[in-house]
Amino acid sequence: MLTKAPRGTRDLLPEDCAKWLHVEELFRKICERFGYREIRTPTFEHTELFQRGIGEATDIVEKEMYTFLDKSGRSITLKPEGTAPVVRAFIEHKLFNEPLPAKFFYISPCFRYERPQAGRLREFHQFGVEAFGSPSPSIDVEVIALAVLFLEKLGLSQLKVHINSLGCKRCREDYKKRLNEFLNNKKEFLCETCLVRLDRNPLRILDCKNEGCRKVLESAPVILDFLCDDCRKHFEQVKKELSAVGIKFEVDPGIVRGLDYYTKTVFEIISEELGAQSAVCGGGRYDDLIEECGGPPTPAAGFGMGVERLTLLLESKGLLKIDSWAMDAFIAIAGEEQREYGLRLLYDLRRDGFSAEIDVMGRSLKAQLKYASKIPAKYVFIIGEEEVETGKITVKDLSTGLQEKMTFEEAKALLKKR
RNA sequence: GUGGAUAUAGUUCAGGUGGUUAGAACGCCAGAUUGUGGCUCUGGAGGCCGUGGGUUCGAGUCCCACUAUCCACCCCA
């Protein structure tokens, strides 16, 4: 136990960190290009924020939260998703007084107590964006387009975008009623879990994979037929604008999302190569959430993207190969007599902004060369008796194997060139 | 939370029906005469065989429990 990371958690070793950093930097760049600014919220929040925000009847709130009492008896929960905390911060700091729309992005750890699986951990990480203040379909499209562009820039252009509309409070209630009536007459064909869902959250039945349930659903009422005029127009406009900006999509009435706050547009970006955990990104519009959390009525939309799933995908497609020289130079000394001379050059390089190392293992010159090519270093500066005397060091290019003698200043100029 | 599979060096894996000092490859370290990496050759270090019980004269091998990993369900990122 002592030397084992807790179940569902994992370490990112230096090699992993380099890859993550690469992906994170690209995400930041794309977000900024779209006018989204970074926001960081606490790792934990008051439990009630998630109970209210995500919805009491959801799986997340019912059985997946890391909830505990702190030393003064407050109920605290590690954030299971990124949206509710950003909404809370938006309200708390009265950011609705800033010019709207207010657009944020975040990179955040999230925690859910679930059975771990490939692409599903107890501590995982989400990239997310939230746009507050605009009811326009153009915002729904922007959020989807941001995700798509980001994935494209990473080299993932074949992912499928599925969209659906859940309508607003009013049309959804109508639909729920009709769906309930319909399903109540077909109870004998539904699986056990769906019978439970029938009372609690009938929408969930729509994405059941059970064969019997699927069959029943073929003739079930579809929410898209129940949208009110406003919601229908909104959805039509989203589709038009997606096409206008060149995003291919598929209308999928089966996506309902596991969080209660969604209204109108919902979407998922899916990869078939991830096994059961196929959703890389999921999001949509949530026009009522901010008001429900105590803020002024404010329409909003956003998404969350799973970093672990994303890197899993990139890794499997060989898109995370980061092979750069780790070091500009390695200072190799022929003997301990040259150490101080070497150290002077080493710190001169470091002060000048170059990356450089020197032997600290007492290795032979041969072993130093071997080590230098493993790190790998681009150049080795070899310092022996002769070099110290003449003031000209031997500079070896490890990629070509060629070497020549030059002054330290000339060597630095060489580093600068590459 | 439910069902199934798995657990042996740093890593990927061998170790028929239980029988002495548990192996390989890669990686790591060191050598192959005088100050030079990658290729090659040689040598070395490194494993209470996931943990704890049990059966047995004897368990890496059989049984049980626990833990972890993987897969499916559930759900989602």
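Trainee: What makes the pair formed by a phosphate oxygen of RNA strand B and a polar backbone atom of Gly8 a polar contact?

Mentor: This is a predicted model. In it the two atoms are 3.2 Å apart. A polar contact needs N or O atoms within 3.5 Å, so the pair qualifies.

Trainee: Which part of RNA strand B does the side chain of Lys374 contact, and how do you know that it is a contact?

Mentor: An N or O atom of the Lys374 side chain is 2.9 Å from a phosphate oxygen of RNA strand B. The limit is 3.5 Å, so this pair is a polar contact.

Trainee: Which part of the strand faces the side chain of Lys396?

Mentor: For Lys396 the partner is a base oxygen of RNA strand B, 3.0 Å from an N or O atom of the side chain. That value is also within 3.5 Å, and therefore the pair counts as a polar contact.

Trainee: How many residues lie around RNA strand B, and which come nearest?

Mentor: There are 47, and Arg197, Arg257, Gly258, Ile382 and Leu398 come nearest. Of the strand's atoms that come within 4 Å of the protein, 54% belong to sugar and phosphate.

Trainee: What is the make-up of that surface by class?

Mentor: It has 19 charged, 15 polar and 13 nonpolar residues. Gly258, one of the nearest residues, is classed as polar because Gly is put in that group.

Trainee: Which element supplies the largest share of the surface near RNA strand B?

Mentor: α13, with 6 residues. Elements that supply at least two residues each include α13 (365–374), α14 (385–390) and β15 (392–397), as well as β10 (279–285) and β11 (300–306).

Trainee: How is chain A divided into domains?

Mentor: The domain assignment gives domain 1 as 14–168 + 228–316 and domain 2 as 327–417. Their C-alpha centres lie 49 Å apart.

Trainee: Why is the space lined by Asp140, Val143 and Ile144, among others, called a cavity?

Mentor: A 1.4 Å probe fits there but cannot get out, so the space is a cavity. The structure holds 1 cavity of 30 Å³ or more, and about 30 Å³ of space lies in the largest.

Trainee: What lines the largest cavity?

Mentor: The lining residues also include Thr265, Phe267, Gly284, Arg285, Ala301 and Gly302. The largest share, 3 residues, comes from α5, while β9, β10 and β11 are among the elements supplying at least two residues each. By class, the lining has 4 nonpolar, 3 polar and 2 charged residues.

Key. Residues are numbered from 1 along each chain as its sequence is written. Chains are lettered from A and ligands numbered from 1 in the order in which they are written. This is a predicted model: local features need pLDDT of at least 70, side-chain atom pairs count only at pLDDT 80 or more; totals for chains, interfaces and linings use all residues. Side-chain values use heavy atoms; hydrogens and water are left out. A residue is near a molecule or strand if one of its heavy atoms lies within 4 Å of it. A polar contact is a pair of N or O atoms within 3.5 Å; within protein, one must be able to donate a hydrogen and the other to accept it, and residues adjacent in sequence count only if both atoms are side-chain atoms. Helices (H or I, at least four residues) and strands (E, at least two) are DSSP runs, numbered from the N terminus. Domain bounds come from an automatic or database domain assignment. On a 1 Å grid over the protein atoms alone, a cavity is a set of points where a 1.4 Å probe fits but cannot get out, and a pocket is an open set with protein on both sides within 12 Å along at least five of seven lines; lining residues have an atom within 4 Å of a point. Grid points are joined across faces, edges and corners, and a volume is the space filled by probe spheres set on the points.
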